[in-house]
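Colleague: Could you take me through one part of this model closely, setting out which of its residues are hidden, what they pack against, and how far the surrounding prediction can be trusted?

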Amino acid sequence: MSEEAATGAGATADTGPATAGMTADGTAETPAAVPGAGMVADAGGAGGAQSRTTDIVPGPGGVMTDEVGVVTGDLTLRTEYADGKVTLRVQYKDADEWYVVTGASVALADPAGLDAVHGVAVGLLNRPEG
């Protein structure tokens, strides 16, 4: 490729719109036929609400909850991130009701830490051997 072709020097014909179909205020001059154009990220994105779940079996003391006290047996642990805060919840496996784990709500500045927090919570609460 020549330097003239690479830089566009000497070109006299207009090969396309200089504005890429946009005006100065950001509105399209004509409708764009681009799949997904104008879409925004869903709530599961980096800044929105997120959660992780794992089935656990707590040790003999169970898991203390704010709503119903101690729960034992086969449980599901959910680690939720929303509005800069992580909250742990448990439910009896396949039940509808979720209970907040007592003392398990804390600020988390970066939602990227959700997997690590969930991993630590599972490591602490899952004691199938007692």
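**A close look at helix H2**

Modeller: In this predicted model, the residues of H2 that are buried are Leu-114, His-118, Ala-121, Val-122 and Leu-125. Viewed down the helix axis, these buried residues fall within an arc of 100 degrees, so they line one face of H2. The face turned away from that buried side carries exposed residues, namely Ala-116, Val-120 and Leu-124. The length of the helix agrees with expectation, because twelve residues at 1.5 Å a residue should span 16 Å, and the end C-alpha atoms of H2 are 16 Å apart.

The buried residues of H2 pack against strand S1 (50–56), strand S2 (63–65), S4 and S5. One of the contacts between helix and strands involves Leu-88, which touches Ala-121 and, among others, Leu-77, Tyr-99 and Val-101. Leu-88 also belongs to the largest nonpolar core, a set of 13 residues in which Ile-56, Val-63, Val-71, Leu-77, Leu-88, Val-90 and Val-101 touch the most other members. To this core, helix H2 (114–125) and the strands S4 (75–82), S5 and S6 each supply at least two residues. S5 (residues 85–92) and S6 (residues 99–107) run antiparallel and are joined by five bridges, with Lys-85 having Ala-107 as its bridge partner in S6.

As to confidence, the protein chain averages a pLDDT of 77, and 64% of its residues score at least 70. Over residues 1–23, however, the pLDDT is below 50, and it stays under 50 over residues 27–45 as well. Where pLDDT is low, the predicted coordinates should not be read in detail.

Definitions and conventions: Residues numbered from 1 in each chain as written. Predicted model: local features only at pLDDT ≥ 70, side-chain atom pairs only at ≥ 80, totals over all residues. Heavy atoms only, no water. pLDDT = per-residue confidence, 0-100. Contact = heavy atoms within 4.5 Å. Pairing = 2+ DSSP bridges. Helix = DSSP H or I, 4+ residues; strand = E, 2+ residues; numbered from the N terminus. Core = buried A, V, L, I, M, F, W, Y, C linked by side-chain atoms within 4.5 Å. Buried < 20%, exposed > 50% of the residue type's maximum accessible area, 1.4 Å probe, protein only. Expected span 1.5 Å × (residues − 1). Arc of directions from axis to C-beta. Lists of a residue's contacts leave out its neighbours within four places in sequence.
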